[in-house]
Amino acid sequence: MKKRFLATLMIVAMSASMLAGCGSKSDAPADSAAKDDAAATDDAAKDDAAATDDAAAEGAQKLTVWCWDPAFNIYAMETAAKYYQKDHPDVEVEVVETPWDDIQPLITNAASTGEYSQLPDILLMQDNAFQKNAISYPDLFVDLTDSGIDFSQFAAGKLGYSTVGGKNYGVPFDNGAVIACYRTDILEQAGYTIDDLTDITWSRFEEISSDVQAKTGYYLLSERTGEIDLIMMMLQSAGASMFDESGAPVIADNAALKNVVETFNSLVANNALLLTQQNWDEYIKSFNSGSAAGVVNGCWIMGSIQAAADQSGKWAITNMPKLDGIDGATNYSNNGGSSWAVTTNCKNVELATDFLNSTFCGSVDFYGEILPSSGAIATWAPAAEADVYGEPSEFFGGDAVFKKVVDFSTKTPANNTGVYYYEARNAVATAITNIQNGGNIDDELANAQATVEAQMQ
């Protein structure tokens with residue numbers, strides 16, 4: 001490009017020199033030179049235009065993706081690219097390892113500067129941050145509602161994270177369906193089986209867990225001090241949220257949330273929940289080699305449970321307890337996970353959506369391949385048809401746990417996280433600590449709401 005431009009300048013300079021030298025002589029040579037100059041310039045412009053068109057065509061067949069975790073998300077995306085390229089060999093998918101802690105600031109910066117070109121075609125977003133970004137920066141993400149993707153095949157609870165105003169802005173990926181895991185050998189010592197902890201309420205769980213603790217010394221549940229993941233799981237299981245549909249906080253006068261806090265504190269007070277862990281490592285140790293014989297968390301926790309190889313065959317999976325006295329309460333919830341978003345910087349949205357639709361939204365074989373190596377359990381319901389999902393797990397007593405998790409995810413209620421989800425979590429965590437130290441539950445929840453409202457202003 002630069003060479004052509006310099007050549008054109010030289011031609012123009014030479015022409016000017018010729019005209020100056022000719023003075024009052026005939027204008028014919030000058031006219032001829034001018035025509036030659038114009039032709040050369042026109043040819044150069046055509047060459048540049050052709051090069052630009054070629055570059056655009058090449059770029060249109062390439063997708064750039066941001067995500068993190070080489071053994072999980074990156075592996076899944078690269079495998080998806082391999083599957084897509086079987087029928088689309090000219091399409092290149094470039095996966096750039098980008099930590100979530102970097103992606104969020106880059107999204108914010110692009111929105112504040114209006115410089116979208118720094119964004120990729122597709123990026124992975126944590127579910128709990130999806131609504132915040134889609135609401136705050138609506139021009140940054142492509143509305144996928146009418147893209148041809150069948151969103152009805154995804155679990156409603158998972159899909160809700162990337163849905164704003166009835167529009168779909170994300171393609172759900174990994175499963176965060178909540179599972180309850182218990183040591184069957186410890187249950188047996190106390191006279192119980194896994195069936196006794198299936199489809200139960202939290203009040204019944206409290207009775208069983210307290211009894212098991214008294215007879216064996218093992219709790220059936222543990223949680224980190226100051227952490228409220230379990231609180232959020234309980235709340236979502238009842239189809240409730242900390243925000244209404246307009247995004248306003250509903251922390252005070254929230255019957256479901258008050259029920260959750262009361263239930264949580266009752267579990268702690270009655271030796272049904274071990275609440276002494278200070279960090280994540282201690283939490284894992286509590287059920288790997290400590291005094292807890294149970295876990296309630298997102299299905300990804302299975303990897304940590306299986307770290308205790310000597311306990312193989314001694315664990316079983318079922319659904320979580322549900323809240324007492326709340327209409328619509330279920331035994332299902334979600335914790336964690338992420339979804340894919342197409343940015344408005346994408347030059348070929350049709351290609352990006354077709355790629356996602358053909359893989360993460362359309363290939364049973366793809367999900368069957370990534371499961372054994374990554375442990376990435378799908379929220380796309382048809383994935384359960386893959387043979388590997390039906391295979392028994394020796395560690396979990398020979399149960400087909402992957403198929404069970406997919407089934408749990410299809411029954412999980414949606415959760416409205418809103419823009420200020422993390423601020424609300426922190427406020428509720430403070431309220432719970434104050435309540436445990438003698439504070440009034442209604443006053444503390446009202447204070448939590450006031451705190452979030454002040455931050456929103």
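Two strands count as paired if DSSP finds at least two bridges between them. The model used in these exercises is predicted.

**Exercise 1. A three-stranded sheet**

Task: Find which residue of β10 stands opposite C181, then place the two strands in their sheet.

Solution.
1. Strand β7 covers residues 178-183 and pairs with β10 in the antiparallel sense over five bridges.
2. Within β10, the residue opposite C181 is V295.
3. The sheet is open and has three strands, ordered β10-β7-β11, with antiparallel pairing.
4. β10 (294-298) and β11 (315-318) are the edge strands; each has a single partner strand, so one side of each is left without a neighbour in the sheet.
5. On average, and with direction ignored, neighbouring strands of this sheet are turned by 25° against each other.
6. Helix α15 (residues 401-410) packs on the sheet and touches β7 and β11. The direction of α15 makes about 25° with that of β11.

**Exercise 2. The surroundings of β12**

Task: Determine which strands pair with β12 and whether the faces of β12 are covered or open.

Solution.
1. β3 pairs with β12 in the antiparallel sense, over five bridges. In this pairing I122 stands opposite V342 of β12.
2. Strand β6 (residues 171-172) is joined to β12 by two bridges, and these strands also run antiparallel. Here V171 has W340 as its bridge partner in β12.
3. Next, take the faces. S338, W340 and V342 lie on one side of β12, S339 and A341 on the other, and all are buried. Both faces are therefore covered, with buried meaning under 20% relative accessible area.
4. Five of the five residues of β12 are buried, so the strand is largely enclosed by the rest of the structure.
5. For β3 the count is four of the five residues, so β3 is also largely enclosed.
6. β3 has a further link to β1: two bridges join these strands, which run parallel. W66 stands opposite L123 in β3.

**Exercise 3. Nonpolar cores and helix α3**

Task: Name the residues with the most contacts inside the largest nonpolar core, and the helix that supplies the largest share of that core.

Solution.
1. The largest nonpolar core has 84 residues, and W340, F360 and Y389 have the most contacts inside it.
2. Helix α3 (residues 70-85) gives the largest share of this core, eight residues.
3. A second core of 55 residues is separate; L220, V260, A293 and A431 are among its members.
4. Now list the buried residues of α3: F72, N73, I74, A76, M77, T79, A80, A81, Y83 and Y84.
5. These residues pack against four strands and two helices, namely β1 (62-67), β2 (92-97), β3 (122-126), β12 (338-342), α13 (349-358) and α14 (364-374).
6. As background, nonpolar side chains in soluble globular proteins tend to be buried together.

**Exercise 4. Three salt bridges**

Task: For the salt bridges of K62, D127 and R425, find the partner, the place in the chain and the burial of each residue.

Solution.
1. By the rule of a side-chain nitrogen of Lys or Arg within 4 Å of a carboxyl oxygen of Asp or Glu, the count is 13 salt bridges.
2. K62 bridges to E94, with the closest N and O atoms 3.1 Å apart. The pair links distant parts of the chain, since K62 is in strand β1 and E94 in strand β2, 32 residues apart. K62 is partly exposed at 29% relative accessibility, and E94 is partly exposed at 32%.
3. D127 bridges to K158, and the closest N and O atoms are 2.5 Å apart. D127 lies in helix α5 (residues 127-136) and K158 in helix α6 (residues 156-159), so the pair ties together parts that are 31 residues apart in sequence. D127 is buried, with a relative accessible area of 1%; K158 is buried at 2%.
4. R425 bridges to E227 with the closest N and O atoms 2.8 Å apart. R425 is in helix α16 (residues 421-436), while E227 is in the loop between β8 (222-224) and α9 (229-237), 198 residues apart. R425 is buried, with a relative accessible area of 13%, and E227 is buried at 18%.
5. Salt bridges with shared partners join R224, E227, D229 and R425 into one network.

Notes:
Residues numbered from 1 in each chain as written. Predicted model: local features only at pLDDT ≥ 70, side-chain atom pairs only at ≥ 80, totals over all residues. Heavy atoms only, no water. Core = buried A, V, L, I, M, F, W, Y, C linked by side-chain atoms within 4.5 Å. Buried < 20%, exposed > 50% of the residue type's maximum accessible area, 1.4 Å probe, protein only. Axes fitted to C-alpha atoms, helices over the stretch in contact; angles between N-to-C directions. Contact = heavy atoms within 4.5 Å.
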